[in-house]
Amino acid sequence: MCKEIESFDFQSGGEASSNLKNILRKLGVNSDLVRKTSIVTYELEMNVVIHSLGGEITALISEEELEIRVDDVGPGIEDLDKAFTPGYSTASNEIREMGFGAGMGLVNVKRYADKLTIESSKENGTHVKVLIKLF
């Protein structure tokens, strides 16, 4: 599965996580793993919508694991350590008024990922890779 994500496209935000959830259910993946995957995918997808200039989310499924990759074009994450602090957010007041930007996105991703890597810079945007074991 691969899906383009547009900046500030709140109407389509969440489609990739919903599509992946449906695929995993059809494959008979355990409901707890489907839930974990849905949370991770949604949080990453909405981070692209809120903070970047757009990007792409890709999910690769094997018998043993699910790999979720998110690559965005944008300003990057200035301070990764702070970004993993519960409640820390760089979202604008407008985004917060919409109910987003509570500063729990990457915290939730880290909580549910079996492995997480993030590379981020102003020049190259943000590149996230999450592995979730399916057994």
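This report covers the sheet, the helix pair and two individual residues of a predicted model.

**The sheet**

Five strands make up an open sheet. Their order is 1-2-3-5-4, and the pairing is antiparallel. Strand 1 (2-5) and strand 4 (115-121) stand at the edges. Each has a single partner strand, so one side of each is left without a neighbour in the sheet. From one strand to the next, the twist averages 10°. Strands of a sheet pair through backbone hydrogen bonds, in either the parallel or the antiparallel sense.

Three of the pairings are set out here, each with a residue pair.

| Strand pair | Sense | Bridges | Facing residues |
|---|---|---|---|
| Strand 1 and strand 2 (residues 55-61) | antiparallel | four bridges | Cys 2 and Thr 58 |
| Strand 3 (residues 65-72) and strand 5 (residues 125-133) | antiparallel | seven bridges | Arg 69 and Lys 129 |
| Strand 4 and strand 5 | antiparallel | seven bridges | Ser 120 and Thr 126 |

Strand 1 deserves a second look. Besides Cys 2 opposite Thr 58, Ile 5 has a bridge partner in strand 2, namely Gly 55. The strand also has two faces of unlike character. Lys 3 and Ile 5 lie on the covered face. Cys 2 and Glu 4 lie on the uncovered one. In a regular strand the side chains alternate between the two faces of the sheet.

At the other edge, strand 4 and strand 5 form a hairpin. Three residues lie between the two strands. Within this pair, Ser 120 stands opposite Thr 126 of strand 5. Strand 5 also pairs with strand 3, again in the antiparallel sense. There, Arg 69 has Lys 129 of strand 5 as its bridge partner.

**The loop after strand 1**

Phe 8 sits in the loop between strand 1 and helix 1 (15-26). Its phi is positive, about 60°, although the residue is not a glycine. How accessible is Phe 8? Its relative accessibility is 49%, so Phe 8 counts as partly exposed. The cut-off for exposed is over 50%.

**The helix pair**

Helix 1 and helix 2 (residues 31-51) have axes that come within 8 Å. The axes cross at roughly 160°. Angles over 145 degrees count as roughly antiparallel, and the two helices are therefore roughly antiparallel to each other. The crossing of helix 1 past helix 2 is right-handed.

Which residues make this contact? Helix 1 contributes Glu 15, Ala 16, Ser 17, Leu 20, Lys 21, Leu 24 and Arg 25. Helix 2 answers with Val 34, Thr 37, Ser 38, Thr 41, Tyr 42 and Glu 45. The mix is five nonpolar, four polar and four charged residues.

**Thr 41**

One residue of that contact links several parts of the model. Thr 41 belongs to helix 2. Is Thr 41 buried or exposed? Its relative accessibility is 1%, so Thr 41 counts as buried. Setting aside neighbours within four places in sequence, Thr 41 is in contact with Ala 16, Ser 17 and Leu 20, and also with Ile 57 and Ile 68. Ala 16, Ser 17 and Leu 20 are in helix 1. Ile 57 falls in strand 2, residues 55-61, and Ile 68 in strand 3, residues 65-72.

Arg 69 lies 28 residues from Thr 41 along the chain. The C-alpha atoms of the two residues are separated by 9.2 Å. Arg 69 is also the bridge partner of Lys 129 in strand 5.

Conventions
Residues numbered from 1 in each chain as written. Predicted model: local features only at pLDDT ≥ 70, side-chain atom pairs only at ≥ 80, totals over all residues. Heavy atoms only, no water. Pairing = 2+ DSSP bridges. Axes fitted to C-alpha atoms, helices over the stretch in contact; angles between N-to-C directions. Buried < 20%, exposed > 50% of the residue type's maximum accessible area, 1.4 Å probe, protein only. Parallel < 35°, antiparallel > 145°, perpendicular 65-115°, else oblique. Left-handed = near helix turned anticlockwise from the far one by under 90°. Contact = heavy atoms within 4.5 Å. Nonpolar A, V, L, I, M, F, W, Y, C, P; charged D, E, K, R; others polar.
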